[in-house]
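Reader: I would like a close look at one part, the aromatic side chains, followed outward into whatever surrounds them. Please state the criteria as you go, and keep to what the coordinates support.

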Amino acid sequence: MMICTRMAVKAGLDGDSFFNLGIVGIVLSVIGARLYFVIFSWDMYKDNLLDILNIRKGGLAIYGGILTAILVIAVYCKRKKTSAWLMGDIVSIGLILGQILGRWGNFFNREVFGGYTDGLFAMQLPLEAVRSSDVTEELLEHLVTVDGIQYIQVHPTFLYESLWNLVVLILMLILYKRKKFHGQVFLLYLGGYGLGRFWIEGIRTDQLLIPGTAIPVSQVIAAFMVVAAAVIYLILRQKNTERIR
């Protein structure tokens, strides 16, 4: 928020209003992240609706937060008659920085890992320290025992996503100073993050599935983001209605 507010002031926007928008956006995005998780994990909550309010047990999905943030920005900019594309360029830089740091929370929580691997980045986790629902048959077949403790050996998907997002952030910062029209940086975020998430989501063991299917909903959204970002980019480049002054 500090970085985004500073960038907003340099872009001619009101810093205080931007900071207030950030606070409101974060609160609503947490709610959106929770609703997204609940919708696609309904069997966990349908018999005890009060559990929906108990986020201490986990259950926040980043895509729900991102989609809510985009909606908040769109509504705010329409009311304030501010360029939503410019706002998106700025906010997306802070957002992906937060995602880079936030993914390390998954490391400390021993969650959001991938399937079995014996590759260079393989990570071992104590079997008793992870949720049983996240442990696949393949992981159980390759248990490693050290000093009497059983470990699963997994893809550190939190690390993959954090490093991928770092590369995307660097590209976004380079583009921000060279962009030809508002929205370019935001679209790079959507497409770049979506591309990485599409691959990473495919190897995670805690996927949220589209009801009645074996299709990960976040993988579908990631693919949609990539395609949408490419199409919108071509449209904006052709129109170029918001040239940098």
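Author: A starting point is Trp104, which counts as partly exposed at 34% relative accessibility (buried is under 20% relative accessible area, exposed is over 50%, and partly exposed is in between, with a 1.4 Å probe and protein chains only). The model is predicted, and for that reason local features need pLDDT of at least 70 and side-chain atom pairs count only at pLDDT 80 or more, while totals for chains, interfaces and linings use all residues. Residues are numbered from 1 along each chain as its sequence is written, and side-chain values use heavy atoms, leaving out hydrogens and water.

Across the whole structure a search finds twelve aromatic pairs. One of them joins Trp104 to Phe107 in an edge-to-face arrangement, with 5.8 Å from centre to centre and 70° between the planes (rings of Phe, Tyr and Trp, the last by its six-membered ring, pair if their centres lie within 6.5 Å, and planes under 30 degrees apart are stacked, over 60 edge-to-face and the rest tilted). Trp104 and Phe107 are separated by about one helical turn, because they are three residues apart in helix 4 (helices, H or I with at least four residues, and strands, E with at least two, are DSSP runs numbered from the N terminus). Like its partner, Phe107 counts as partly exposed, at 35% relative accessibility.

A second pair, of Tyr160 and Trp199, is stacked, since the ring centres are 5.5 Å apart and the planes stand at 25°. Tyr160 belongs to helix 6 (residues 157-176) and Trp199 to helix 7 (residues 184-201), so this pair ties together parts that are 39 residues apart in sequence. Tyr160 is buried, with a relative accessible area of 15%, whereas Trp199 is partly exposed at 46%. Returning to the starting point, Trp104 and Phe107 form one aromatic cluster together with Phe108 and Phe158.

From the rings one can move to the nonpolar interior, where the largest core has 40 residues, and those with the most contacts inside it include the aromatic Tyr36, Tyr63 and Tyr189 as well as Met87, Ile90, Met172 and Leu190 (a nonpolar core is a set of buried Ala, Val, Leu, Ile, Met, Phe, Trp, Tyr and Cys residues joined through side-chain atoms within 4.5 Å). Two or more residues of this core come from each of helix 1, helix 2, helix 3, helix 4, helix 6, helix 7 and helix 8. Leaving aside residues up to four places away in sequence, Ile90 touches Cys4, Met7, Ala8, Ala11, Leu13, Phe18 and Tyr176 (contact means heavy atoms within 4.5 Å). Apart from this core lies another, of ten residues, and among them are Phe113, Leu139, Val154 and Phe158; Phe158 is also a member of the aromatic cluster.

Helix 2 supplies further aromatic residues to the interior, its buried residues being Gly15, Phe18, Leu21, Gly22, Gly25, Ser29, Gly32, Ala33, Arg34, Tyr36, Phe37 and Val38. These buried residues pack against helix 1 (2-10), helix 3 (62-80), helix 4 (84-109) and helix 8 (217-239). On the side of helix 3, Thr68 lies in that helix and is buried, with a relative accessible area of 18%. Among residues beyond four places in sequence, Thr68 touches Leu28, Ser29 and Gly32.

The second core also leads to the strands, for Val154, one of its residues, falls within strand 3 (residues 149-154), which runs antiparallel to strand 1 (residues 123-126) and is joined to it by four bridges (two strands pair if DSSP finds at least two bridges between them). Within that pairing, Gln124 has Gln153 as its bridge partner in strand 3. Strand 3 also pairs with strand 2 (residues 144-146), again in the antiparallel sense, over three bridges, and here Val146 stands opposite Ile149. The hairpin of strand 2 and strand 3 has two residues between the strands, and in it Asp147 takes a positive phi near 55°.

Finally, Cys4, one of the residues that Ile90 touches, raises the matter of disulfides, of which the count is zero (a disulfide is a pair of cysteine sulfur atoms within 2.5 Å). For Cys4 the nearest cysteine sulfur is that of Cys77, 13 Å away, and for Cys77 the nearest is in turn that of Cys4. Cys4 counts as buried at 6% relative accessibility, as does Cys77 at 2%.
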